[in-house]
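Biologist: I have a new model open and would love some help reading it. Could we take it one question at a time?

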Amino acid sequence: MDRIAFDIAHLLAGGLVLVSFMMIYQERLTALLNVFAMHAVVLALSVSWQAHIQHAPHLYVTAAIALVFKAMIIPGALHRIIRRMGIHREVETVVGVGLTMLAGMGLVAMSIVLMLRLTEAADTFAREDLAFALSVVLLGLLMMVTRRNAVSQVVGFMSLENGLILAATGAKGMPLVVEISVAFSVLIAFIVIGVFLFRIRERFDTIDLGALEEYRGENQ
Amino acid sequence: MNALLANPAYAILAIPAGTAVLLALLPGYRLTARLNVAASFATLLAALALFFVPRAAPGPYLLVDDLNIVFVVLNTFVGFTAAYFSASYIGHEMETGKLTAASLRFYHAMYQLMMFGMNLALLSNNIGLMWVAIEIATLTTVLMVGIYRTHAALEAAWKYFILGSVGIALALFGTILVYLAAQPVLGEGAASMIWTNLLSRAAEFDPAILNLAFVFLLLGYGTKVGLAPLHAWLPDAHAEGPTPISAVLSGLLLNVALYAVLRFKMLIATHPDAIAPGPLMVGMGLLSLIFAAFMLYRRRDIKRLFAYSSIEHMGIIVFAFGMGGPLANFAGLLHMVMHSLTKSAIFYSVGHVAQIKGTQQIDGIRGLTQSHPALGWGLALGVLAIAGMPPFGVFMSEFLIVTSTFAREPLLALLLVFGLLVAFGALILRLAGFIFGEPTGKVGPAEASLAPLYAHLALVLAAGIFLPGPVVAWFRAVAALLG
């Protein structure tokens, strides 16, 4: 792989980690959804660059799914949901942004050290790509853990999943990437439908999961 | 059609998939419930045919070997009895208005789709396909857990969904890492994801990547097995969904995830320089066993109690496979089969009990053997069996696990026995009053289908008294395969 192609791939994968960080400190749901749309756009760019340099046209399908489904349809649907539920102006108190950011940096450092040390046998691009991908996955997990709002948790999960797609496209010649991205899209669609159709707000009066955890099924 | 007849594996997949489409289109719950049972029975027959039809060579997508035949037959058998139980259970739910005709149509279609997902996961020879199949099975069960749309059911489904998705995501990362380890040896493309290829060349892979992959896979699929500390979804999902689904979750879905772990364990074990997968599995298994055993004491909800018991037993099974060796593997395999049969039998009786009494709270129900003898005694036998009393099969498998561990690691065996005793005490303590004593609560007539319950119990009892020679030989061969 020539130098410039390598650098662009790096830039895009690194960009994904950066946008993951941006998501961690978004307090407004609308802003969070917009940043997530950006996350998906960066992923689409990264995947199509991989498709270009690996001469793997099927990856363009994955990129298109990321662009159309995750950057447009899903954020659009979630925008509508939160407007209907009347929580689009709500400010979610993110516990200790500074602390979460520090934890995030720790996770990124850990994944880079771990991946680079353990994958010496793999080719240079794949291992660095995997280090970035693991960072995105862990940052997504971090977000799911620190947020209490169901919509933010879904967004956290989707960013985690973007990290997995990044990993899958970085592993050269991996089959089934398209199928896996389709499977994940279906999964996400189900979550979003779940939030919407099950009308969590109606049932729980609030979409704040903190209010749900009182119920343990033990005290009827 | 010829292909379907030549290779039963195709039929095992095509019947549930086709029926799922049909069930989504057909109206009327009586018809669909019967069709569901018939399709499950046909799938079981196809699975049994695997024993007789000469096996096709492993293809790029499907594989039939000694190991997965055990899982497939168990899967389709419990799938059939659960469908049979479900038909009477669901009828009652319709009468009481807990489910509507539309949600029932959805339920039956999802049931077959779930069977398809699980069978595909068991038969797949491609680690990517296996992952997709387990995801299908997870999704469909999430939807069924939430089917009552009550506060508790939705929360349970959400929790299951989030934790299950995270588990599945970690498993995919592990799968990608396995591909990355295989790619330099087997070349780019589909060849590096075919399990039989991977197994034959695993010794040449880079050990560091394999180690990392196994950790991700164990955590990811381990979440779905319900291993502590990743078990949080399991009790809720079992307690709030329809009882046939609780039975299928406990009896089958946990096994499917376990099967995935075992496949990758076999892969890692062939590499001389990779980490030994055993100690990790032994540790997680023991932790789950002891943790769940203590949690059993404070349960007030009957289905939740048995959900914790499932965590306990999955812990024992993972422990046994972690110990490895012919005897422990044999015992683990036997215990897995016994647990599936016993636990689903228990859920069949608990489902009817909860319907009659209108509650799942243990305190609200007393004296079942007096008010409903057939159901009460069935449950009593099931509880004795699952607690590990002789002469049931669970006793035999637990005994084998304990003795084989004593011979090799006496300290671990002590911990194991400790966990077993704690769990035994909890089950007897919590359920003695439930089953015996003066009946309280509603004593309505029981419209229960007892056949699946007693069929399972009879099998468990028979296995405890006498295991036929061919079965023993088969399990031995599988145990040797597992290393």
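Biologist: Is the crossing of α7(B) and α10(B) left-handed or right-handed?

Modeller: Left-handed is the answer for α7(B) and α10(B). Please keep in mind that this is a predicted model. The axes of α7(B) and α10(B) are 8 Å apart, and the angle is about 140 degrees.

Biologist: Which residues of α7(B) and α10(B) meet?

Modeller: On α7(B), they include B:Ala152, B:Glu155, B:Tyr160 and B:Leu163, while α10(B) brings B:Trp233 and B:Asp236, among others. Sorted by class, the contact of α7(B) with α10(B) has eight nonpolar, one polar and four charged residues.

Biologist: Now for another pair. Why are α4(B) and α20(B) called oblique to each other?

Modeller: Look at the angle: helix α4 (residues 66–95) of chain B packs against helix α20 (residues 469–482) of chain B at about 125 degrees, with the axes 8 Å apart. Roughly perpendicular covers 65 to 115 and roughly antiparallel starts over 145. An angle of about 125 degrees belongs to neither group, so α4(B) and α20(B) count as oblique. Their crossing is left-handed.

Biologist: What makes the contact between α4(B) and α20(B)?

Modeller: From α4(B) come B:Asp66, B:Leu67 and B:Val70, and from α20(B) come B:Trp474, B:Ala477, B:Val478 and B:Leu481. Six of the residues in this contact are nonpolar, none is polar and one is charged. Asp counts as charged, and B:Asp66 is one of the residues here.

Biologist: Let's step back to the whole chain. How do you know that chain B agrees with a compact globule?

Modeller: For 483 residues, a compact globule would have a radius of gyration near 23 Å; chain B has 21 Å, so the two agree. The C-alpha atoms of chain B fill a box of roughly 65 × 55 × 45 Å along the principal axes. Of the 483 residues in chain B, 62% are buried, where buried asks for 20 or more other C-beta atoms within 10 Å. Chain B has 20 helices and zero strands.

Biologist: Which helix of chain B gives the largest share of the side that touches chain A?

Modeller: That is α7(B), with 16 residues. The contact takes 37 residues from each of chain B and chain A. Besides α7, the helices α6, α9 and α10 of chain B each supply at least two residues to that side. By class, the side of chain B that touches chain A has 20 nonpolar, seven polar and 10 charged residues.

Technical notes
Residues are numbered from 1 along each chain as its sequence is written. Chains are lettered from A and ligands numbered from 1 in the order in which they are written. This is a predicted model: local features need pLDDT of at least 70, side-chain atom pairs count only at pLDDT 80 or more; totals for chains, interfaces and linings use all residues. Two residues are in contact if their C-beta atoms, placed from the backbone, lie within 7 Å. Helices (H or I, at least four residues) and strands (E, at least two) are DSSP runs, numbered from the N terminus. Axes are lines fitted to C-alpha atoms, for helices over the stretch in contact, and angles run from 0 to 180 degrees between N-to-C directions. Angles under 35 degrees count as roughly parallel, over 145 as roughly antiparallel, 65 to 115 as roughly perpendicular and the rest as oblique. A crossing is left-handed if the near helix is turned anticlockwise from the far one by less than a right angle, and right-handed if clockwise. The radius of gyration is taken over C-alpha atoms; the globule rule is 2.2 Å times the number of residues to the power 0.38. A residue is buried if 20 or more other C-beta atoms lie within 10 Å of its own, exposed if 12 or fewer, and partly exposed in between; C-beta atoms are placed from the backbone.
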